[in-house]
Each structure stands twice: as structure tokens, then as C-alpha cells.
Amino acid sequence: MQQGIIYRVLNKITSKSYIGQTRVSLSIRITGHYTDSKRHDYKFSRALRKYSKDDWEWIIIEEVEIDKLDERERYYIANFDSYKNGYNSNLGGETKGVYHHNYNYTIYEVFHPSYGVITGTKQELSKIEPA
């Protein structure tokens, strides 16, 4: 069965955390978070823009079967209190778009004149406006 990752992002300055899940490698997800932070206004996106990359520690907490990702994400968000006292904007387990579907997909890395190097699926990249 396919495995996913539950990860914690710890801000070394504030000691606040963000808990996330991914079906791709953590390095690809990290790139995705920084790309998304330029377009979104979630708590975590604002924090990524505010603090330097050196202020963050990215930690794999658990590798888990895909069908358990939502449940384990909710557990760790509650455990680290990262919804009320951290950077999570919801209680977890609310995956959206392709990350929720149970099929393989390819992550592409492309250069965009306005955003620099961005990563995502064809579906995600097609939503970005041309320069």
C-alpha cells in the first residue's frame, strides 16, 4: 500500500508549529509551501513570508498509509496544539484537490517570470496566470 508523510514545521523563533501531510517527498512539499506562500494568505503562508528559511525546522513525524493521513494529521495538530497556538488554519484532515485523490500524479517544476521556480501538478500549474 502507498505511504504518505506527516510532517511538522517548527519555527525556531516562536516555537510554533505547522503540521502537514504529503504524498510526495518532503523536499517537493517544502518547495510547494514556499511557492504557495506567495499566493495565499493562510497563517502558515504569512509566517513563511515573515521568517527566514533558516528559522524553520522541517521534521518527518511519521510515514503512514495513505488512507490514514487525514486521521494522523488531525491527531498531531491536536497533540502539538498547532491550530490554536500554531500555524494550522484548520483542524486537519481537510485535504483539497489532487492531494486527496487516491491516484498517482506527477509534480512538475517550471519557471514562471513573476513567481520564479514553481512546482505542482498540471492541474495546479494551469491555474496560475501567465506573466
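**Exercise 1.** In this predicted model, determine whether Asp81 counts as buried, partly exposed or exposed, and state where Asp81 lies.

*Solution.* The relative accessibility of Asp81 is 31%. Buried would require under 20%, and exposed over 50%; Asp81 therefore counts as partly exposed. Asp81 belongs to the loop between α3 and β4 (108–112). Its backbone deserves a remark: Asp81 has a positive phi of about 50°, although it is not a glycine. Most residues other than glycine have a negative phi.

**Exercise 2.** Carry out the corresponding analysis for Ser15: is this residue buried or exposed?

*Solution.* Ser15 has a relative accessibility of 55%. The cut-off for exposed is over 50%, so Ser15 counts as exposed. The residue is placed in the loop between β1 (3–11) and β2 (17–22). Its phi is near 65°, a positive value in a residue other than glycine.

**Exercise 3.** Describe the surroundings of Glu73, and establish which side chain of opposite charge is nearest.

*Solution.* Begin with the location: Glu73 is part of helix α3 (residues 69–79). Next, consider charge. Glu73 is buried yet has no salt bridge; the nearest side chain of opposite charge is Arg74, 6.6 Å away. A salt bridge would need a separation within 4 Å. Finally, the side chain of Glu73 reaches the backbone nitrogen of Gly93 at 2.8 Å.

**Exercise 4.** Determine how helices α1 and α2 are oriented.

*Solution.* Helix α1 (residues 26–37) packs against helix α2 (residues 43–50) at an angle of about 90°, with the axes 9 Å apart. The helices are therefore roughly perpendicular. Residues making the contact include Tyr34 of α1 and Phe44 of α2.

Terms used. Residues are numbered from 1 along each chain as its sequence is written. This is a predicted model: local features need pLDDT of at least 70, side-chain atom pairs count only at pLDDT 80 or more; totals for chains, interfaces and linings use all residues. Side-chain values use heavy atoms; hydrogens and water are left out. Helices (H or I, at least four residues) and strands (E, at least two) are DSSP runs, numbered from the N terminus. Buried means under 20% relative accessible area, exposed over 50%, partly exposed in between (1.4 Å probe, protein chains only). Lys and Arg count as positive and Asp and Glu as negative; His and the chain ends are not counted. A polar contact is a pair of N or O atoms within 3.5 Å; within protein, one must be able to donate a hydrogen and the other to accept it, and residues adjacent in sequence count only if both atoms are side-chain atoms. Axes are lines fitted to C-alpha atoms, for helices over the stretch in contact, and angles run from 0 to 180 degrees between N-to-C directions. Angles under 35 degrees count as roughly parallel, over 145 as roughly antiparallel, 65 to 115 as roughly perpendicular and the rest as oblique. Contact means heavy atoms within 4.5 Å.
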